[in-house]
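Please look over the sequence and the model shown below, and then read the briefing that follows, which is grouped by topic.

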Amino acid sequence: MKVALVLLLAVGAVCAHAATLIDEDGVFDFKDQYIVKVRSSILMSNFYQRLKEISEELKTQSGGLYGKYVIVSNLLATPSMIIMKMDKQMLKMVLACPFVAYVEQDVYNDFDHIEMSAERGMPSTTWALDRINQVTAELDKDLSFPGDGAGVNIYVIDSGINPDHVDFEGRAVKVHDIFNQTGSDCCKHGTAVAGAAASKTWGVAKKANILSVRTLDCRCGAGTSHMAAAIDWVAEHAVPPCVATMSFSRKTSSPTICEAVQRLAEAGCVPVAAATNLKGSQTDVDACTRSPAKSPYAITAASTSWVEDKKSAFSRSGDCVDIFAPGEFVRTTAANGDYEWRSGTSMSVPLVAGIAAIHLGNGVPADQVRHRILSDALACMVADVGPGSPNRFLHIDPAPPATVDPEPASV
Ligand SMILES: [Ca+2]
């Protein structure tokens, strides 16, 4: 259960104010660690000075028991967001400080893997690519697209990648690892996501560049600060035209991640996020309770089945979903150099991102790609979309875009 606490506790003389603490029950892997967002009107030097004063005040009052804090690192590119460890009394005082906009608990976020069993038989290996370039449900074996995304950079913010997979044809490269490691795909997720976006055989945008930014560890999990920092890194370093896949999620919505996604969009990249998967008996089906799915700047993708274009049972839904795309039994590249089937909203994301790359490669401006994808989507195609979800199904016309005649020369 998500709990939003507003602590109105003992405040110092200067701090007659309470920021909101975005908190979560039961997960304390990042013990006493928080992301503190300082109000944009405040000079950071003034905030750091105030931290010292609060600490000294608490230490004096408690005989040295409380008032401990450490600035962990400034993983986040935005200087007004800092990651710090602090004791509970220090937290209360920071929350009460008017310099602070909000404090978000930094937590470790597990990954919700989806294992599909082939109870209804298996689809054709090409079904996902085949389905998104045609209007009718019956597959016509035409896998053509009106472009290949050449010159477009697809940032795969994920678990790393195997850039040597033959199906990437040398177009994939590891550009950053948030854990300062090698960027290798030890959880074997990022290579699959990248393959559905841009591999030669199973990708949508078959000539786009793949740039891997690792933010998921070998368990496919990450801290909230890691996720936000990876998005932030791309916002800082992205080379347009570009699109970014975010097939991961914080367990609850996160203002830190939402702000990072906004910066990414403002940097000229098209953000695509997973609606995320339901696990076991979870009854919270709303994608709005997850980040980056909640971000209005991201194109948030939910999953459909290869049978009757039905919303996948595992897929979250709701009005934070922007579009549905195939997400069951998607054939793609595997981290070991082979190929594999993958299911989950994680796999809907790269199909949307691949189409975004095609549009970018065809000259559609980044700030119009979202509108283009949503307006091209097929209406009323998805069965059982779930409460509040828009009934939009990913679609691109396979015919090449019409060439625009040059303006007639003026006489
Ligand atoms: Ca087709």
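**Briefing on the predicted model**

Not counting residues within four places in sequence, His189 is in contact (C-beta atoms, placed from the backbone, within 7 Å) with Asp158, Ser159, Leu216, Cys220 and Ser346. This is a predicted model, in which local features need pLDDT of at least 70 and side-chain atom pairs count only at pLDDT 80 or more, while totals for chains, interfaces and linings use all residues. Residues are numbered from 1 along each chain as its sequence is written.

**The annotated site**

- An unreviewed UniProt entry places the feature "active site" at Asp158, His189 and Ser346; UniProt positions are given in the numbering used here, feature names are shortened, and annotations may be inferred rather than shown by experiment.
- These residues span 189 residues in sequence, yet no two of their C-alpha atoms are more than 9.9 Å apart, so they gather at one spot.
- His189 lies in the loop between strand E9 (172-177) and helix H4 (190-198), where helices (H or I, at least four residues) and strands (E, at least two) are DSSP runs numbered from the N terminus.
- His189 counts as buried because it has 24 C-beta neighbours inside 10 Å; a residue is buried if 20 or more other C-beta atoms lie within 10 Å of its own, exposed if 12 or fewer, and partly exposed in between, with C-beta atoms placed from the backbone.
- Asp158 is found in strand E8 (residues 153-158) and is likewise buried, with 28 C-beta neighbours inside 10 Å.
- Beyond four places in sequence, the contacts of Asp158 are His189, Gly190, Val193, Ser212, Leu216, Thr245 and Ser247.
- The same unreviewed entry type in UniProt gives the feature "domain: Peptidase S8/S53" at residues 149-377, a span that is 28% helix and 21% strand and whose end C-alpha atoms lie 19 Å apart.

**Domains and their contact**

- The domain assignment gives domain 1 (2-106) and domain 2 (127-393), with bounds that come from an automatic or database assignment.
- The C-alpha centres of domain 1 and domain 2 lie 34 Å apart, and the contact takes 15 residues from domain 1 and 15 residues from domain 2.
- On the side of domain 1 that touches domain 2, the elements giving two or more residues are strand E2 (20-24), strand E3 (33-38), strand E5 (81-86) and strand E6 (100-105).

**The nonpolar core**

- The largest nonpolar core (buried Ala, Val, Leu, Ile, Met, Phe, Trp, Tyr and Cys residues joined through C-beta atoms within 7 Å) has 112 residues, and those with the most contacts inside it are Ile154, Ile231, Val243, Val272 and Val352.
- Helix H7 (residues 345-361) supplies the largest share of this core, 10 residues, and the core draws at least three residues from each of domain 1 and domain 2.
- Leaving aside neighbours within four places in sequence, Val243 is in contact with residues including Val152, Ile154, Val272, Ala353 and Leu360.

**Helix H8**

- Helix H8 (residues 366-376) has Val369, Arg370 and Ile373 as its buried residues, which cover an arc of only 95 degrees around the axis (taken from the directions from the helix axis to the C-beta atoms) and therefore lie on the same side of H8.
- The face of H8 turned away from its buried side carries the exposed residues Asp367, His371 and Ser375.
- Among what covers the buried residues of H8 are E13, E14, strand E15 (323-326) and H7.

Conventions
Contact = placed C-beta atoms within 7 Å.
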